[in-house]
Amino acid sequence: MYSIRTDMADELKRQHVGELPGVRCHEETLRGLSVFAVDVLNIEGEKALGKPQGQYYTLTLPRWFDRGADGFEEAVRSLAELIGRCLPPEHDEVLAAALGNPDITPDALGSLTASSLLVTRHLKEQDPEQFSRFCSLALCRPGVLGTSGIESARQIATLCEALRPQLVVVIDALAGAEAEQLCRCVQVSDAGISPGSGVGNDRQELSRHTLGVPVLTVGMPTVIDASFFGGGEFRGMFVTPRDVDSLVRAGGRLIGYALNLALHTGIDIADVDALVG
């Protein structure tokens, strides 16, 4: 039987009946929002679930989560808390990598998130005392191989060598396997990522193993394999929600705000509003 590919750890777990060796999971509620947590504990768990060792949190978003919606602030705070659980002890120097193609809406999540990030590396260098509440955050938008001619992983690795960050944060659109989750949840993980794996277009892995520093990933499922609806003959085609434009835009802002709250010390949503605009 043809298996639907997914980047989502919670979906992979639900595809298996019963417990998996080396995999631990639980469900919880944060500020009224559902969270599905998956821990891949060892190599046995990697083989059983098909995901690298690490923590995976999937936050289900409220029905309306654009800026100004009632559920936005609670969703941001909940996502920031989950991001905080995946942060290494030292993360004063951070490199954020916004992956994807900004010209293709379902793949534009990284670029849209980048627009809401408080980039501070240059400011911290100029006046570290005035910007003491902020971590040193640098941002790159490597684009995709077809438009840059350079693998994203190579660009990020080169920047890591030059900047020596303590943490790399990767933001990317994901592929899902459950239609009701498309653009309706966010996954946070400390296990790294293989860009494009969910759509069968695997690129070089971005992880502590390849970059030499901890890697935190944040993503939202924006597409699903069309064979979910019509069988294997639709393999290679992908479906996305009709209102993907507004959903991805809202998701990018939400993720950007949550990263700001998790990475920068002592700021709130109102501060991000004032600084991002």
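The following exchange goes through a predicted model, from the overall fold to single residues.

Biologist: How many helices and strands does the secondary structure of the protein come to?
Modeller: This is a predicted model, and the count applies to that model. The secondary structure of the protein comes to 11 helices and nine strands.

Biologist: What is the radius of gyration of the protein, set against the globule rule?
Modeller: The C-alpha trace spans about 60 × 40 × 40 Å along its principal axes. For 277 residues the globule rule gives 19 Å, and the protein comes close to that, so it is as compact as a globular protein of that length. Its radius of gyration is 18 Å.

Biologist: What share of the contacts with a separation of 6 or more is due to residues 24 or more positions apart?
Modeller: Of the 277 residues, 52% are buried. The accessible surface comes to about 12,900 Å², and carbon and sulfur atoms hold 49% of that surface. For contacts with a separation of 6 or more, the share from residues 24 or more positions apart is 70%.

Biologist: Which residue in the turn between E1 and E2 has a positive phi?
Modeller: Strand E1 (residues 23-30) and strand E2 (residues 33-40) run antiparallel and are joined by eight bridges. In this pairing Val23 stands opposite Val40. The two strands form a hairpin with two residues between them, and the one with a positive phi, of about 50 degrees, is Arg31.

Biologist: Is Leu49 buried or exposed?
Modeller: Leu49 belongs to helix H2 (residues 43-49). Beyond its neighbours within four places in sequence, Leu49 is in contact with residues including Val23 and Val40, the pair that stand opposite each other in E1 and E2. The cut-off for a buried residue is under 20% relative accessible area. At 4%, Leu49 is buried.

Biologist: Why do the buried residues of H7 line one face of the helix?
Modeller: Helix H7 (residues 152-163) reaches 16 Å from its first C-alpha to its last, close to the 16 Å expected. Its buried residues are Ser152, Ala153, Ile156 and Cys160. An α-helix has 3.6 residues a turn, so residues three or four places apart point the same way. Seen down the axis of H7, the buried residues line one face because they fall within an arc of 90 degrees.

Biologist: Which exposed residues does the face of H7 turned away from its buried side carry?
Modeller: On the buried side, the cover includes strands E4 (93-99), E5 (136-143) and E6 (167-176) together with helix H8 (208-211). Just after H7, Arg164 takes a positive phi of about 55 degrees. The face turned away from the buried side carries Arg154, Glu161 and Ala162.

Biologist: Which residue in E5 does Ala97 stand opposite?
Modeller: E4 and E5 run parallel and are joined by six bridges. E5 is mostly covered, with six of its eight residues buried. The residue in E5 opposite Ala97 is Cys140.

Biologist: What is the relative accessible area of Asn260?
Modeller: Asn260 lies in helix H10 (residues 244-263). Leaving aside neighbours within four places in sequence, Asn260 is in contact with Ser116, Leu117, Leu118, Ile267 and Val272. Asn260 is buried, and its relative accessible area is 0%.

Terms used: Residues are numbered from 1 along each chain as its sequence is written. This is a predicted model: local features need pLDDT of at least 70, side-chain atom pairs count only at pLDDT 80 or more; totals for chains, interfaces and linings use all residues. Side-chain values use heavy atoms; hydrogens and water are left out. Helices (H or I, at least four residues) and strands (E, at least two) are DSSP runs, numbered from the N terminus. Buried means under 20% relative accessible area, exposed over 50%, partly exposed in between (1.4 Å probe, protein chains only). Contact means heavy atoms within 4.5 Å. The expected span of a helix is 1.5 Å times one less than its number of residues. The arc is that of the directions from the helix axis to the C-beta atoms. Two strands pair if DSSP finds at least two bridges between them. The radius of gyration is taken over C-alpha atoms; the globule rule is 2.2 Å times the number of residues to the power 0.38. Accessible areas come from the Shrake-Rupley method with a 1.4 Å probe; for residues, only the protein chains shown count as cover.
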